[in-house]
Amino acid sequence: MTQFLPPNLLALFAPRDPIPYLPPLEKLPHEKHHNQPYCGIAPYIREFEDPRDAPPPTRAETREERMERKRREKIERRQQEVETELKMWDPHNDPNAQGDAFKTLFVARVNYDTTESKLRREFEVYGPIKRIHMVYSKRSGKPRGYAFIEYEHERDMHSAYKHADGKKIDGRRVLVDVERGRTVKGWRPRRLGGGLGGTRRGGADVNIRHSGRDDTSRYDERPGPSPLPHRDRDRDRERERRERSRERDKERERRRSRSRDRRRRSRSRDKEERRRSRERSKDKDRERKRRSSRSRERARRERERKEELRGGGGGGGGDMAEPSEAGDAPPDDGPPGELGPDGPDGPEEKGRDRDRERRRSHRSERERRRDRDRDRDREHKRGERGSERGRDEARGGGGGGQDNGLEGLGNDGRDMYMESEGGDGYLAPENGYLMEAAPE
């Protein structure tokens, strides 16, 4: 296949020229003998200069020392300038200081965009103004941020001094003070090292952040600058940073502990609610079973009483002729043993029993106990009255042809009379207790 390739591609597969033969070397480069052997620096010591003639070593200035030196030089230059300006400063002969000094108000920290008319509107509320002098820079012509306001009356100046300090004008709170250059002996302005407050007393270690119209004597006993103030500042900043970090960690831990406590309390409340709901459901189940058992027992007793009533009615109704509690009921045409429509099997009686049971199920346990006690006492009294009437009629010779009076009685009255005929005592229909009959 290579014979079909073009010549330029066949040239790529052509073999290279053979490597030319060279005779071997007698010795390797590191085996050759050197004419000059290696030696030390001893032969050159005589060329060194005498140490006694060498200049003393120079010590380089560190960055901290250089900054401290520049700061001292700047302070010295500024002190010289202040001394020169103090010799020329005389507020009593200043052509710009006009008017009565005791009626003049000094206003500082004024917004640079505030105009003279704006200042007049703000300070005329304290009294009529005679003159306003705003201070401007001599080089740039821009406002310096303070002004002098002269009032017509001294009392107006005192009112403004008392109430206008801290007033916000064009978004900035101004500082209001009296003119002290011509009223206070030995007073110097801020540019000459005076003024109120301690914002320009030195470095950041001795200055305060906010100034006001308070006396500078409170700052006179502050410690002077340390030899290396920047180190103290760095140390203080690092200490404050560590304290803030510790405070943040403590606050974070407090929040976490509070959240854990809230979750724990929530879980305990949920668990308690579940337990109470289970107990309530169990109580409801037990109450439901108890009511169902009582209803079954009551139905069984009702059936037994009806059977006894039917069995007793076939033999003769002379012994059962007893008046009801509400009075003598009208005679019934049926046999004495049969039950009328209002008997235990009547739908109205069943509906009343069902409503009574429903109402009692919605009552509390205390109300149910009170109702049971009241029903028991009522049935006991009713049984006593019924037994006495029955005995009186029996003595009077009531025969079998007379009405037994059971149709006018309720379900509980018939059961009571059936139980009272069995012996000396009777069973109360509510709880089945054996009660003693009244003496004859």
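This report walks through the sheet, the helices packed on it and the nonpolar core of a predicted model.

## The sheet

Let's start with the strands. Four of them form an open sheet in the order 2-3-1-6, with antiparallel pairing. Strand 2 (129-136) and strand 6 are the edge strands; each has a single partner strand, so one side of each is left without a neighbour in the sheet. On average, neighbouring strands of this sheet are turned by 25° against each other, direction ignored. As a general point, strands of a sheet pair through backbone hydrogen bonds, either parallel or antiparallel.

A good pair to look at is strand 2 and strand 3, which are joined in the antiparallel sense over six bridges. Here isoleucine 129 stands opposite tyrosine 151 in strand 3, and histidine 133 has phenylalanine 148 of strand 3 as its bridge partner. The hairpin of strand 2 and strand 3 has six residues between the strands, and glycine 141 takes a positive phi near 80° in this hairpin.

## Two helices on the sheet

Next come the helices. Helix 3 (residues 116-123) packs on the sheet and touches strand 1, strand 2, strand 3 and strand 6. The direction of helix 3 makes about 140° with that of strand 2. Helix 4 also packs on the sheet, touching strand 1, strand 3 and strand 6, and its direction makes about 145° with that of strand 6.

## The two sides of helix 4

Helix 4 (residues 154-163) rewards a second look. Its residues Asp156, Met157 and Ala160 are buried. They lie on the same side of helix 4 because they cover an arc of only 100° around the axis. The general rule behind this is that an α-helix has 3.6 residues a turn, so residues three or four places apart point the same way.

What do the buried residues of helix 4 pack against? Their partners are strand 1 (104-108), strand 3 (143-151) and strand 6 (175-178). On the face turned away from the buried side, you will find the exposed residues Arg155, Lys162 and His163.

## The nonpolar core

The largest nonpolar core has 18 residues, and those that touch the most other members are Leu105, Val107, Leu119, Phe123, Ile149 and Tyr151. Strand 1, helix 3, strand 2, strand 3 and helix 4 each supply at least two residues of this core. In soluble globular proteins, nonpolar side chains tend to be buried together.

Isoleucine 149 is a handy residue to explore from. Leaving aside residues up to four places away in sequence, isoleucine 149 touches Lys103, Thr104, Leu105, Val107, Phe123, Ile129, Arg131 and Ile132.

Terms used:
Residues are numbered from 1 along each chain as its sequence is written. This is a predicted model: local features need pLDDT of at least 70, side-chain atom pairs count only at pLDDT 80 or more; totals for chains, interfaces and linings use all residues. Side-chain values use heavy atoms; hydrogens and water are left out. Buried means under 20% relative accessible area, exposed over 50%, partly exposed in between (1.4 Å probe, protein chains only). Helices (H or I, at least four residues) and strands (E, at least two) are DSSP runs, numbered from the N terminus. The arc is that of the directions from the helix axis to the C-beta atoms. Contact means heavy atoms within 4.5 Å. Two strands pair if DSSP finds at least two bridges between them. Axes are lines fitted to C-alpha atoms, for helices over the stretch in contact, and angles run from 0 to 180 degrees between N-to-C directions. A nonpolar core is a set of buried Ala, Val, Leu, Ile, Met, Phe, Trp, Tyr and Cys residues joined through side-chain atoms within 4.5 Å.
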